[in-house]
Amino acid sequence: MSAHANDVTLPTGERITLGAARGRLVAGLMVVGGAGLALALGLALAGGQQGMRYFLHSYLTSYVFYLSLSLGGLFFVAVQHVTRAGWSVTVRRQAEILAASMPVLIVLFLPIFLPVVRGSHALYEWNDPAAVAHDELLNAKVPYLNMPFFVVRCVIYFAVWWFLGRYYYSRSLRQDETGDPAWTLRMERISPVALILFALTVTFFSFDVLMSLTPHWFSTIYGVYYFAGCVVGVLCVLILASVGLQASGRLTDSITDEHYHDLGKLLLGFVIFWGYIAFSQYMLIWYANIPEETSWYLARQTGGWVWVALLLLFSHLLIPFVGLLPRAAKRNRAVLAFWAVWLLAAHWLDMYYLVMPSLGAESLPVSPIDACLLLGIGGIYVAGVIRTAGTHALVPHHDPRLGEALTFAENF
């Protein structure tokens, strides 16, 4: 790392903050979020006990969707530091902001967390003492699947994510102020440990909050499956955020076609990786044909769910694979933004596919509550992200590798 690498400056006149738009965006999004949550809750209460049960499942669907974007941001930041990447400096701050927005996600987790603490089993059958007492398998899993231990684990997960997100963001902002390249070295040194903690917490979180919706079923690859969706999701957000910022006159010269091309290549790679993990899980369970393993897929291959599974196969893998394959698609911002929106929709459908079958409904569960919660949680989450961005620069302008990002070009 050159001692003078951080002497590089951004192009003259480059707009690198949200400015006055920040306050208006936060206020508007909070109104949208509050209205969406209120309407969803009203519809759920009108449906009685079954309506509230649907509300909790739908809430979990949208919650893990938005959580995955911040978790993907944390992974992106840690990987860029551990590999000492220079190309990504001008897009990395957006991922830092996503990762540092964990406090709003902690608050949004309370409607899932508090009912479990209060003894509700609307989401998790293992939290029902009567069901556990009459189920030998659930009884055998009590040492792990119990409310106090669930609470402890969730506190650990969010504490780790909050600490790492704030660590990277605060050090990066400190470097903006001082220009000292030592801050980058400190972030690089912690990144191997951060990635290990990330892998453990995301894996067990997916086991606890998602896989335990069907407590008789298990899959050791489930955490990797959720992780793959996290990375697909955050790459889509980085693409869309970059396009949106540039459309508003910000970072117009800092992010180039080369950056979009590499983000597109990463997106294509993780679309394939997601498909590989999904196929690996399905193939091994199908081949073994053990009843306690096939039950999860059986519920997703009957009734309307078989069409959701097929839609997921085409929308999350086959169609975007073909669409993202050409070099031109990854260098055209409008085309790449289209695929980013497409894959975000497919990612939400993936979360719906993971959560909603546990309702056990005879027909495909669809309700206006889903749209209200997607907008409600999304409005509050995005408002939290923008508030985290604050008045700070949207690019780490004193990063010692900024010059590599500004002069980034293909090697072929």
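I started with F204 and looked up its exposure: F204 is partly exposed, at 34% relative accessible area. Note to self: this is a predicted model.

Next I checked F207, which comes out at 18% relative accessibility and so counts as buried, because the cut-off for buried is under 20%.

Then I asked where these two sit. F204 and F207 are both in helix 8 (residues 182-210), 3 residues apart, or about one turn of the helix.

I ran the aromatic search over the whole structure and got 38 pairs. F204 and F207 make one of these pairs, edge-to-face, with 5.6 Å between centres and 80° between the planes.

I then pulled up Y222 and W296. Their rings also form an aromatic pair, edge-to-face, at 6.4 Å centre to centre and 80° between the planes. This pair links distant parts of the chain: Y222 belongs to helix 9 (residues 222-247) and W296 to helix 11 (residues 291-299), with 74 residues separating them. Buried or exposed, I wondered, for Y222 and W296? Both are buried.

Which residues form an aromatic cluster? I wrote down one cluster made of Y63, F109, F113, Y157, F158, W161 and F205.

Last job was charges over rings. I found R186 over the face of W183, 4.3 Å from the ring centre. I also found R300, whose charged end sits over the ring of Y353 at 5.6 Å from its centre.

Conventions: Residues numbered from 1 in each chain as written. Predicted model: local features only at pLDDT ≥ 70, side-chain atom pairs only at ≥ 80, totals over all residues. Heavy atoms only, no water. Phe/Tyr/Trp six-rings, centres within 6.5 Å; stacked < 30°, edge-to-face > 60°. Helix = DSSP H or I, 4+ residues; strand = E, 2+ residues; numbered from the N terminus. Buried < 20%, exposed > 50% of the residue type's maximum accessible area, 1.4 Å probe, protein only. Lys NZ or Arg CZ within 6 Å of the ring centre and 35° of its normal.
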